Amino acid sequence: MFGNKRIACWMSEKKSQKVKWAEFEQVCSNYGYELFKLDLEKDIENQGPFSVFLHKLTDIIALANQGDAKSKNTINLVENYISTHPEIIVIDPIPNVRQLLDRYKAYSIIHATDLHKHGVFTPNFCEITTSNNQKTVEELNAACVTYPFICKPSLGHGSKKAHEMLIVFNEGNLRDCKPPCVAQAFINHNAILYKIFIVGDQYYFVERPSLKNFHASDQKTIFFDSSDVSKADSQSSLSVLDLEDEQIPKTRPDPIILGKIACTLRKAFKMDLLGVDVVIENFTGKYAIIDVNAYPGYDGFPNFYHALLKCIVDQVNSGINTERKHNLKVDCLNIIKTN
Ligand SMILES: Nc1ncnc2c1ncn2[C@@H]1O[C@H](COP(=O)(O)OP(=O)(O)OP(=O)(O)O)[C@@H](O)[C@H]1O
Ligand SMILES: O=P(O)(O)O[C@H]1[C@H](O)[C@H](O)[C@H](OP(=O)(O)O)[C@@H](OP(=O)(O)O)[C@@H]1O
Ligand SMILES: [Mg+2]
């Protein structure tokens with residue numbers, strides 16, 4: 001019925017449960033595509049042909065990286081299939097997704113862009129690779145990471161552990177950091193975060209709760225799970241501003257700067273499905289990029305499935321490989337308009 005206009009989709013059970021499959025299938029069908037769930041337990045060739053592979057394989061890639069034999073085998077099978085079918089549009093290419101599993105690598109890619117020209121920065125960061133505190137002090141100093149800093153697992157995606165973080169207030173508590181992790185300077189931003197959701201050449205941003213302001217002190221390390229802080233309905237006690245901070249004026253985000261961030265990072269990571277977490281620094285008004293995610297939740301993105309299909313159709317029609325496509329794109333993305 002659809003010829004080879006078939007979209008194979010794979011994502012974790014956790015993510016799959018959040019998908020409105022009937023609506024998604026209908027939108028695919030409106031665009032002339034058949035959507036089906038790829039079964040990675042079964043032979044991929046037998047489930048083909050398909051022209052588009054839409055996936056979030058971060059959990060499996062993370063497990064494979066940790067040496068899990070079954071996950072290694074699954075990723076090998078997927079990568080072999082893709083390499084023997086170069087005509088398939090893969091959203092997003094697996095090597096590009098891999099970069100986001102490593103927070104240090106991801107921050108380095110952001111740091112290498114020219115976003116600083118637009119008042120945008122990545123907070124100072126360094127890797128913590130050892131339990132030798134003296135060595136860590138040297139690494140922190142060399143990278144100008146000051147207190148307090150957030151200590152995040154090097155693994156950025158793909159397991160619950162990737163979201164277990166701490167806020168370290170002083171040198172005396174460095175032992176709380178469990179390598180491999182990344183230390184990133186804490187940016188005070190009055191507990192407001194902006195999530196930029198990118199779908200191909202379209203983007204949208206939403207406001208979310210975030211962490212309150214913190215200052216260097218002799219206080220103990222705060223341990224937290226990032227998934228309790230910045231979801232749309234999060235109500236963490238760590239987000240409640242101190243009384244004196246309630247007076248700090250709120251800066252409205254500039255959609256042009258958020259658009260510049262979206263466009264630049266899409267090109268830098270060569271990916272179509274990205275989430276970028278941005279905070280606006282108190283008093284300086286500078287924009288700090290604190291996190292980038294592959295195929296995020298898109299919670300609040302209007303008509304997400306339409307945007308996704310438009311992105312897929314754009315890729316199919318571009319007729320050139322994904323690698324080049326991102327370099328050829330125009331200089332800005334289109335913000336999604338709501339009524
Ligand atoms: N450098 C920072 N300065 C201030 N606050 C930060 C910083 N980094 C992270 N945060 C706060 O911590 C939260 C979690 O951080 P981050 O986004 O890096 O975690 P994550 O596990 O990658 O989250 P997710 O994948 O859900 O986006 C952010 O939503 C923000 O509230
Ligand atoms: O609020 P968002 O959309 O940023 O939440 C994302 C989160 O940022 C991570 O991308 C999660 O992915 P994993 O780290 O791989 O678990 C997303 O989970 P998912 O179930 O949608 O893939 C969150 O939605
Ligand atoms: Mg985040």
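**Group meeting: strand 14 and its neighbours**

Let's start with a pair in the middle of the sheet: Val276 has Val292, in strand 14, as its bridge partner. Before I go on, keep in mind that this is a predicted model.

So, the two strands behind that pair. Strand 13, residues 273–280, and strand 14 run antiparallel to each other, and seven bridges hold the pairing. They make a hairpin with six residues between them, and in that turn Phe283 has a positive phi of about 70°. Gly285 also sits in the loop that links strand 13 to strand 14. Is Gly285 buried, exposed or partly exposed? Its relative accessibility is 25%, so Gly285 counts as partly exposed. And if you want a long-range marker, Gly285 is 31 Å from Gly172, C-alpha to C-alpha, with the two positions 113 residues apart in sequence terms.

Now strand 14 itself. It covers residues 287–294, and eight of its eight residues are buried. Strand 14 has another partner too: strand 5, residues 120–121, is joined to it by two bridges, and here the two run parallel. Within that pairing, Val120 is bridged to Tyr287.

On to the metal. Which protein residues are donors to the magnesium ion, ligand 3? They are Asp277 and Asp291, each through OD, at 1.8 to 2.3 Å from the ion. Asp277 belongs to strand 13 and Asp291 to strand 14, so this pair ties together parts that are 14 residues apart in sequence. Both aspartates are buried.

Asp277 comes up again with ligand 1. One of its polar side-chain atoms is 3.1 Å from an oxygen atom of that ligand. Ser230 has a polar side-chain atom 2.7 Å from a ligand 1 oxygen, and in the side chain of Gln184 an N or O atom lies 2.8 Å from a nitrogen of ligand 1. How much of ligand 1 does the protein bury? Taken alone, the ligand exposes 610 Å², and the protein buries 96% of that.

Who makes up that shell? There are 23 residues around ligand 1, and the ones that come nearest are Lys152, His163, Ser210, Ser226 and Ser230. By class, the shell has ten nonpolar, seven polar and six charged residues. Strand 7 (149–153), strand 9 (181–185), strand 10 (192–199) and strand 14 are the elements giving two or more residues to it. The largest share, three residues, is from strand 14, so we're back where we started.

Last bit: some backbone spots to look at while you have the model open. There's a cis peptide bond from Ile91 to Asp92, with omega near -5°. Asp92 is in the loop between strand 4 (89–91) and helix 5 (94–99). Another cis bond goes from Pro179 to Pro180, with omega near 0°, and Pro180 is in the loop between strand 8 (164–168) and strand 9.

Then the positive phi values. Cys144, which is not a glycine, has phi near 55°, and its place is the loop between helix 7 (133–142) and strand 7. Lys270 isn't a glycine either, and its phi is positive at about 50°. You'll find Lys270 in the loop between helix 8 (255–269) and strand 13. With a relative accessible area of 22%, Lys270 is partly exposed.

That's my tour.

Key: Residues are numbered from 1 along each chain as its sequence is written. Chains are lettered from A and ligands numbered from 1 in the order in which they are written. This is a predicted model: local features need pLDDT of at least 70, side-chain atom pairs count only at pLDDT 80 or more; totals for chains, interfaces and linings use all residues. Side-chain values use heavy atoms; hydrogens and water are left out. Buried means under 20% relative accessible area, exposed over 50%, partly exposed in between (1.4 Å probe, protein chains only). Helices (H or I, at least four residues) and strands (E, at least two) are DSSP runs, numbered from the N terminus. Two strands pair if DSSP finds at least two bridges between them. A residue is near a molecule or strand if one of its heavy atoms lies within 4 Å of it. A polar contact is a pair of N or O atoms within 3.5 Å; within protein, one must be able to donate a hydrogen and the other to accept it, and residues adjacent in sequence count only if both atoms are side-chain atoms. Accessible areas come from the Shrake-Rupley method with a 1.4 Å probe; for residues, only the protein chains shown count as cover. Ala, Val, Leu, Ile, Met, Phe, Trp, Tyr, Cys and Pro count as nonpolar, Asp, Glu, Lys and Arg as charged, and the others, Gly among them, as polar. Donors are N, O and S atoms within 2.8 Å of the metal (3.2 Å for Na, K and Ca); water is not among the atoms, so sites may look incomplete.
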